[in-house]
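Trainee: I'm new to this one. Could you pick a single part and take me through it closely?

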Amino acid sequence: MNPTSRTTLIGIACGAGAALFWAAGFVVVRHGINLGFTPADLTFHRCFWSGLLLLPLAWRDGLVDLNGVGWRRGILLTILGGPGLAIVSYSGFLLVPLGHAGVIQPSCAALVGLVLATVVLLERLPVRRAVGALVIVAGLAVIGGEAITTIGAHGITGDLMFVVSGSFFACFATLLRYWRITPVRATIVVSVVSLAILPIYWALVGFERMAAFGWWENLLQAVAQGLLAGPAAIYLFTRAVVLLGAGRGSVFTSLVPPCVLLIGWIALGETPTIWQLAGLAIVLIGFRLTQRG
């Protein structure tokens with residue numbers, strides 16, 4: 001195998017792994033909510049363990065100025081990409097099915113990210129990407145239609161929570177580009193600042209209820225949320241972009257929604273509805289158009 005082919009295969013493996021980890025994170029959250037974990041419990045697992053893991057790297061690169069990012073920027077990034085995003089997203093799982101989370105949040109992240117890139121970063125918006133954005137909106141409208149007709153008012157609230165969490169991530173990603181902060185450094189910074197969740201969670205919630213679920217369920221959430229869906233996925237995705245280029249690397253984000261539905265069906269027995277599958281198909285067409293501009 002020549003070096004170019006080997007590099008391409010490694011890049012594809014990294015990108016697919018990142019998409020798989022992100023998708024599995026959604027499914028494990030759904031499992032935790034079904035079991036009785038609260039959004040606060042899951043947010044603790046999402047934020048604390050990654051911070052503990054990456055603390056040595058942050059310490060090595062300097063905590064005084066937060067690895068060169070600065071504390072004001074670091075705190076804002078943490079709200080948008082850490083506990084703030086997590087608590088809003090996980091609360092949505094209390095109100096709507098997994099399929100809504102797996103499609104709406106990544107789609108809104110892509111859609112709002114496209115708008116911010118045009119308005120804030122002053123990037124050119126090709127016609128193809130604009131059409132793709134409108135197609136994504138149409139797909140989201142189909143899924144939102146299910147919330148209106150079959151779930152009720154609380155379904156709309158749940159969907160809006162995923163719209164907000166997706167928008168949080170879009171703002172987070174836009175600020176990284178605007179401030180020229182690499183995703184890996186941002187992950188280290190956000191994870192370490194998120195360690196502040198320990199005294200807050202301890203004071204407001206306590207660990208007794210979480211401990212009642214047993215070590216296996218807590219370990220599952222710690223690994224899936226705090227390690228795989230967090231630092232591991234960011235590293236693999238960044239590696240895929242380095243090896244394949246930004247254009248081809250961005251394709252892997254479009255794998256997250258179908259992977260969420262597939263893994264949720266296999267692992268949890270949650271069969272996607274016709275509305276969800278139709279919305280997914282439309283959204284994937286929009287993803288494709290926005291990535292080819």
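Mentor: Let's look at helix α5 and what it packs against. This is a predicted model, where local features need pLDDT of at least 70 and side-chain atom pairs count only at pLDDT 80 or more, while totals for chains, interfaces and linings use all residues. Residues are numbered from 1 along each chain as its sequence is written, and side-chain values use heavy atoms, with hydrogens and water left out.

Start with the helix itself: α5 covers residues 98–119, and helices here are DSSP runs (H or I, at least four residues) numbered from the N terminus. One partner is helix α7, residues 153–179; the two pack at an angle of about 40°, with their axes 7 Å apart. Those axes are lines fitted to C-alpha atoms over the stretch in contact, and angles run from 0 to 180 degrees between N-to-C directions. That angle makes α5 oblique to α7, since under 35 degrees counts as roughly parallel, over 145 as roughly antiparallel, 65 to 115 as roughly perpendicular and the rest as oblique. The crossing of this pair is right-handed, meaning the near helix is turned clockwise from the far one by less than a right angle.

Who touches whom? On the α5 side, the residues in contact include His100, Ile104, Cys108 and Val112, and among those they meet in α7 are Phe162, Gly166, Phe169 and Arg177. Contact means heavy atoms within 4.5 Å. By class, this contact has twelve nonpolar, seven polar and two charged residues. Here Ala, Val, Leu, Ile, Met, Phe, Trp, Tyr, Cys and Pro count as nonpolar, Asp, Glu, Lys and Arg as charged, and the others, Gly among them, as polar.

Now for another partner, helix α6, residues 127–151: its axis and that of α5 come within 10 Å and cross at roughly 145°. This crossing is left-handed. His100, Ile104 and Cys108 turn up again, among the α5 residues that meet α6, and Arg129, Ile136 and Leu140 are among their partners there. The residues of this contact divide into twelve nonpolar, two polar and two charged.

One last neighbour is worth a look. Leaving aside its neighbours within four places in sequence, Phe93 is in contact with Leu98 and Ala101, and also with Phe162, among others. Leu98 and Ala101 fall within the span of α5, and Phe162 within that of α7.
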